[in-house]
There are 2 protein chains.
Amino acid sequence: MTHEHEHILADGTVIKHSHTHTQTKAVLNRMSRIIGHMQAVKQMIKDGRDCSEVLIQLSAVDAAIRSVSRVILKDHMEHCIVDAIKTGDEESLENLNKAIDQIFK
Amino acid sequence: MTHEHEHILADGTVIKHSHTHTQTKAVLNRMSRIIGHMQAVKQMIKDGRDCSEVLIQLSAVDAAIRSVSRVILKDHMEHCIVDAIKTGDEESLENLNKAIDQIFK
């Protein structure tokens, strides 16, 4: 997937850049699998399945979400952030810092 | 929601007990909201939205899953486990221990 970004620097210069995420398809597949997993866990709860089993499945979903976040973050580092540094796009770097604060709080 | 359980002790005695989860409806509502949230995040990725925003939303989903796990665990402690201790149902206690190992690994 290719993104087109336009950034306006403090001095008014407009910088356009585009970058490609190589992992988007893999990330979307992982997201679909996680959603399917969550729907299955919801059904387990409806069916009155043992709480211990439900908790184990939820911890697997949790691990899968952290794993897909890692893939997105690495893809972002390899593409967007490398571009952002080259083009002096400080907004992207600040946004990533905010996201990292949120993730590891 | 009421569960009927049958446990066979080592000496062959059959113990039947039932217990009620008071939080099942709330848990199912939370599960539906988390699934909806995940579908929205998947759409954000499809739309090529900023990775930082996607990561922040995934960390919110992650927090919501840990939160619903906590509700399930507390409900389980208050109902199933109290019953399990009263009826000497060691299998339930062992299963919960396994689940806790999995969750906090």
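# Helix packing in a two-chain predicted model

In chain A, helices α1(A) and α2(A) are roughly antiparallel to each other, a term used for angles over 145 degrees, whereas angles under 35 degrees count as roughly parallel, 65 to 115 as roughly perpendicular and the rest as oblique. The model is predicted, so local features need pLDDT of at least 70 and side-chain atom pairs count only at pLDDT 80 or more, while totals for chains, interfaces and linings use all residues. Residues are numbered from 1 along each chain as its sequence is written, chains are lettered from A and ligands numbered from 1 in the order in which they are written, and side-chain values use heavy atoms, with hydrogens and water left out.

**Relation of the two chains**

- Chain A is superposed on chain B by a rotation of 180° with 0.0 Å of shift along its axis, at an RMSD of 0.1 Å, the fit being made by least squares on the C-alpha atoms of residues with pLDDT of at least 70 in both copies.
- This is the relation of a two-fold axis.
- The same surface serves both copies, in that 100% of the contact residues of chain A recur in chain B, where contact means heavy atoms within 4.5 Å.

**Content of chain A**

- Chain A holds three helices and two strands, and its elements follow the order β-β-α-α-α from the N terminus on; helices (H or I, at least four residues) and strands (E, at least two) are DSSP runs, numbered from the N terminus.
- Of the 105 residues in chain A, 42% are buried, with buried meaning under 20% relative accessible area, exposed over 50% and partly exposed in between, for a 1.4 Å probe and protein chains only.
- Among the contacts in chain A with a separation of 6 or more, 42% come from residues 24 or more positions apart.

**Helix-helix geometry**

- The angle at which α1(A) and α2(A) pack is about 165°, and their axes are 10 Å apart; axes are lines fitted to C-alpha atoms, for helices over the stretch in contact, and angles run from 0 to 180 degrees between N-to-C directions.
- α1(A) passes α2(A) in a left-handed crossing, which is to say that the near helix is turned anticlockwise from the far one by less than a right angle, clockwise being right-handed.
- Across the two chains, α2(A) and α2(B) pack at an angle of about 170°, with their axes 10 Å apart.
- That angle makes α2(A) roughly antiparallel to α2(B), and the crossing of these two helices is left-handed.

**Helix α1 in chain A**

- The 23 residues of α1(A) should span 33 Å at 1.5 Å a residue, and the end C-alpha atoms are 33 Å apart, which agrees; the expected span is 1.5 Å times one less than the number of residues.
- Buried residues of α1(A) include Thr24(A), Val27(A), Leu28(A), Met31(A) and Ile34(A), and further along Ile35(A), Met38(A), Val41(A), Met44(A) and Ile45(A).
- The cover over these buried residues includes α2 of chain A together with α1 and α2 of chain B.
- Thr24(A), which lies in helix α1 of chain A, is buried at a relative accessible area of 9%, and its C-alpha atom is separated by 8.7 Å from that of Asp75(A), 51 residues apart along the chain.
- Gln43(A) also belongs to helix α1 of chain A, but is partly exposed, with a relative accessible area of 39%; Gln43(A) and Asp11(A), 32 residues apart in sequence, lie 56 Å apart in space, C-alpha to C-alpha.
- After α1(A) comes Gly48(A), with a positive phi near 70°.

**Chain B**

- Helix α1 of chain B covers residues 24-46, and its 23 residues should span 33 Å at 1.5 Å a residue, in agreement with end C-alpha atoms that are 33 Å apart.
- The buried residues of α1(B), among them Thr24(B), Met31(B), Met38(B) and Ile45(B), pack against α1 (24-46) and α2 (51-87) of chain A together with α2 (51-87) of chain B.
- Gly48(B), just after α1(B), takes a positive phi of about 70°.
- Arg49(B) sits in the loop between α1 and α2 of chain B and counts as partly exposed at 39% relative accessibility; Arg49(B) and Gly12(B) are 37 residues apart in sequence and 60 Å apart in space, C-alpha to C-alpha.
- Arg70(B), in helix α2 of chain B, counts as partly exposed at 48% relative accessibility, and the C-alpha atoms of Arg70(B) and Ile34(B), 36 residues apart along the chain, are separated by 15 Å.
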